[in-house]
Amino acid sequence: MSWLTLTNHSSRLSAGLQAAAMQAGASQYVVTRSLYSEESFAEEHEKVYRHRKTALEHVKQYFTCDARRAKNAVFSLLPIIGWLKIYRVKEWLLSDIVSGVSTGLVAVLQGLAYCLLASLPPWYGLFSAFFPVVIYFFLGTSRHISVGPFPVLCLMIGSVVTRLVPDEGPPANITGFEGLTKDEQRVLVASSVTFLVGIMQLAMGILQVGFVVMYLSDTLVSGFTTAAAIHILVSQLKFVLGLQVPGISGPLSIIYTLEIIFNKIQSTNVCDVVISLVIMAVVFVVKELNDRFKAKLPVPIPIEVIMTVIACGVSYAFDFRTKYGIDIVGHIPKGYESPVAPNLVIFQDTAVEAFPMAIVGFAVAFSVAKVYSVKHDYTIDGNQELIAFGVSNIFGASFKSFAASTALSRSAVQESTGGKTQIAGLLSAIIVMIVTLAVGFLLDPLPKSVLGAVVIVNLKGMLMQFREIPYLWRRDKPDCVVWLGTCIAAILLGLDLGLAAGLGVELLSVVLRAQFPRCSVLANIHGTDIYKDRKDYVNIYEPEGVKIFRIPSPIFFANIEFFRSKLVEAVGFNPLRVLRKRNKALRLIRKLLKKGYLQWTSNGFLNTARGPIKESVELESNAEELVQPTDFKDLPARVDWNAELPANIIVPRVDLHSLVLDFAAVSFLDVSALKGLKAVSSYSWTISSCVLITLSSHLLQALKEFVRVEVDVYIVACDPYILDKLHHCSFFDDEVQPSMFFLTLHDAVLHILDKHPQCSQNESKYNKIETTVTVHHPAGGLRSRDRNAPDPETRF
C-alpha cells in the first residue's frame, strides 16, 4: 500500500516569493492518504445504497395527497396568505398607501399612452391597469412589481391587431367581425389574443415549466428589448409629428413605416411637435433630478402626471383640436364594459404570435420580480408567477383588457416610494378605477402627442442598453453576437420572428461552445498537487512520456470527433496510423522470416538476403486486421518499435507511454450506443449500425487505439454517474478496463511515476513534483525507496 504526503504552499510565483511566504507563516495543508484508483477507493470505502424510485413511484407520490400537502398547495396557490400573516400594519400601511397613490397616477398615464402602441382606443389601457392587478394581488408571489401594460407587449399586440384589422383596407375574413366597428374589431382581436396568452401561461404554470425563462439569457433579453424600444420609438413618431401613418406589421415593417413618415414629413403639425419637445425636455430633466436626488426626496416627483394635467388644461383652454388640428384622446366612456367571450377563429390565426408574447411577458416580469426579491430578501416562485399572470390575463381579457406584464419604470415607482406589499398595487388599481368611473372625462382634451412624448422619454433605459455592446465585445464575443443578432433580427423581422431568431442564435452559440471547447494539455505546478494549462505558467513540470489532456465540456455526438482530433494533435501522433504501420510491419517481418530473408539471433533480427530488401515487399492489407492489437505469438520475440527495425522498415516512433484524460469537467457522456460498441474493434461498420455506433464509438475506439500502441490510458475525476452508466452498459473489456479510472489527477500521475521510474531520473530537483511516496511492503516493515537522493523519501 502506498502512503502519500502532500504539501501545498499558497504563494509560489517564484523562489523568492515562496521563501517569503514560508517566513510569513503562509497557510499550508498536509494530507496523508492512500493512492487511490476508482477501484481501490471503492474497495476501501463502502458506499451508501440509495433506493432509486421508479417512474411509477414518482407518479404515485405526485398524486398522493395528505393534510400537509394540501396546506402547502393552498399556500403556494394563494401567496397572499403568506405575506398577510406577517404584515406589519403600523410600519407598512402608510408606505403602501403613499406608494399605491403614486403608482396609480403613473399607471393611469401609462395605460393611456401604451394603449396607443396596441393600436386601440386609449381608455382600454385603463382596463389593463385594473383587472390584471386585482388578480395578481391574490396569486402573485412578488410584493413589489406593478402589473399592467408593458410597452413591448403592447407593440406585439399592436402588430397582430393591425395585421387582422389594418388602418387601410378591409379586415381579415373572421367570423364574429360582422356588425362591429373597426375599433370594436380591434378590441376583440386584442382581448382574444390576450386570452390565448393567458391560457398558454396558465398551462405552463400548471405543467411546472417555469424554467423555460432560463433559456432567455440577460443578453438576449437586453438585445430584444432594445430592438423593441426602437420599434416603439418609430411607432410614436406619428403622434409626435401629428401625421396619419397606417399601422404596418411583419418583416421590415419599421423600414416601411419610416419611409411613409419621411414622405409625409412636410405635413407635420408644428403644434404637436412643440408640445412633444416641451414635454420630453421637462420630463427628461426632472427624471434625471429624481435619479440624482432620490436619497433626499421622500417620493419621486410625478412629473409625467404633472405635465399631463398641465397639457390637458392648456389644450382645453386654447382649444388646440379646433385651432391647430391636433389629435386628442377624445371622449372616454365612464365605467366598464360587459364581459366578452374570446373569438376562437382569432385563436387559430394568432397562436404562433401569442406564444412569444406569453414568454416575453413572463420573462420580463419574472426578471424584475427576481431583482426586487433579492433586494428585499424573500422568494418568488416562477411556476406560480406563470399561473398568476395566466389567470390575470384570462380574467382581464374577458373585460376587454390586453396582455399585462410589468413596466420597469412603474415598478420602480412602486418600490422607490416605499411599497412593501401588493397592497400598494391594489391601491394603484383603485386609483385607476376612480379615474375610469368618475374623472376620466377630464382627460378628453389630452393631446395624443403628449402620450407619445411620455412613451418616448420612458424608453431611455432600454435605449441606453446600446452601451452594453463595447463591454460585451471586450468580455465575451459570443454574447455580443447574441445581443447584436437578436437586436438586428427583431428590428428587421419584427418582434415575434426576431425573438425566435435571437433564441436560435443563442442556442447556436451554446452548441458551438460545447462542440468546440478549449482543450488543453496540463502540467504540474512545482511543489503542489495542482495541474494547470502548460501554456499559462512558467514554473511547471511535465513527466517524460506522460501527456495530461483536459476535456472541458460534456462529450456527446456533436463534439466527439473534435475531441479526437484535438487529442491526436496534443499527443503528436495518430494512434490508428501507428497501429496500421506496426501491423503492416509485422506482416512484412513474418513474410521475410518465412522466405529466409530474416533470421532471429540473440542480437536481434539478422538480414540474410544477398541484396537490400525493398520496403515494397509486403502482403496485401486487410483493413479490419490492420486495426487489431499487434500479435507476436508466431514471432521469436516482441518487436521494440522504438529501436531500429530490419529490412528498411519504418514505423513512426511513439515516445508516449501514458495518457491521462481529465474528466473533471465532463458532466455527461453519450453512452446510448455503448452496448453496441462492445463488438466494435475497427472502423469497418455496416450502414445499418453506423448511425447508432457513431454516437460514442470515436471515444471508445480512440482509447483502444492508444492501448493497442502500448500507451497506458488513465481517466481521472470521472463523475460517478458516468462510471455507473459505463458499468451498466458493459463498457469494459480486456483492453478498456475499470483500473484505468483514478480518483484524482495527482493519484494517476503518482501511479504512472511509480510504474515508470525512468520518467523522473533525468529531471532536475527543482522541476520535480514535491510529493512524498512511502511504499509499505507486506513482507516486511516500512522502507523508503529513493530514486535520486539518499534521503529516506522518494521524490518525484
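Tutor: Rings of Phe, Tyr and Trp are said to pair if their centres lie within 6.5 Å. In this predicted model, ring pairs join Trp123, Tyr124, Phe127, Phe130, Phe131, Tyr336, Phe395 and Phe399 into a cluster.

Student: How many aromatic pairs does a search of the whole structure find?

Tutor: The search finds 25 aromatic pairs.

Student: Why is the pair of Phe130 and Phe131 called edge-to-face?

Tutor: The ring centres of Phe130 and Phe131 are 5.0 Å apart and the planes stand at 75 degrees. Planes over 60 degrees apart count as edge-to-face, so the pair receives that name. Phe130 and Phe131 are both buried.

Student: Why is the pair of Tyr136 and Phe389 called tilted?

Tutor: Here the centres lie 5.2 Å apart and the planes are at 45 degrees. That angle is neither under 30 degrees, as for stacked rings, nor over 60, so the pair is tilted. Tyr136 belongs to helix H8 and Phe389 to helix H17, 253 residues apart, and the pair thus links distant parts of the chain. Tyr136 and Phe389 are buried.

Student: How do you know that the span of helix H17 agrees with the expected one?

Tutor: At 1.5 Å a residue, the 17 residues of H17 (residues 382–398) should span 24 Å, and the end C-alpha atoms are 24 Å apart, so the two agree. Of these 17 residues, 15 are buried.

Student: What makes Asp381 a cap of the N-terminal end of H17?

Tutor: A side-chain oxygen of Asp381 lies 3.1 Å from the backbone nitrogen of Asn383, and the cut-off for a polar contact is 3.5 Å.

Key. Residues numbered from 1 in each chain as written. Predicted model: local features only at pLDDT ≥ 70, side-chain atom pairs only at ≥ 80, totals over all residues. Heavy atoms only, no water. Helix = DSSP H or I, 4+ residues; strand = E, 2+ residues; numbered from the N terminus. Expected span 1.5 Å × (residues − 1). Buried < 20%, exposed > 50% of the residue type's maximum accessible area, 1.4 Å probe, protein only. Polar contact = N/O pair within 3.5 Å; in protein donor to acceptor, adjacent residues only side chain to side chain. Phe/Tyr/Trp six-rings, centres within 6.5 Å; stacked < 30°, edge-to-face > 60°.
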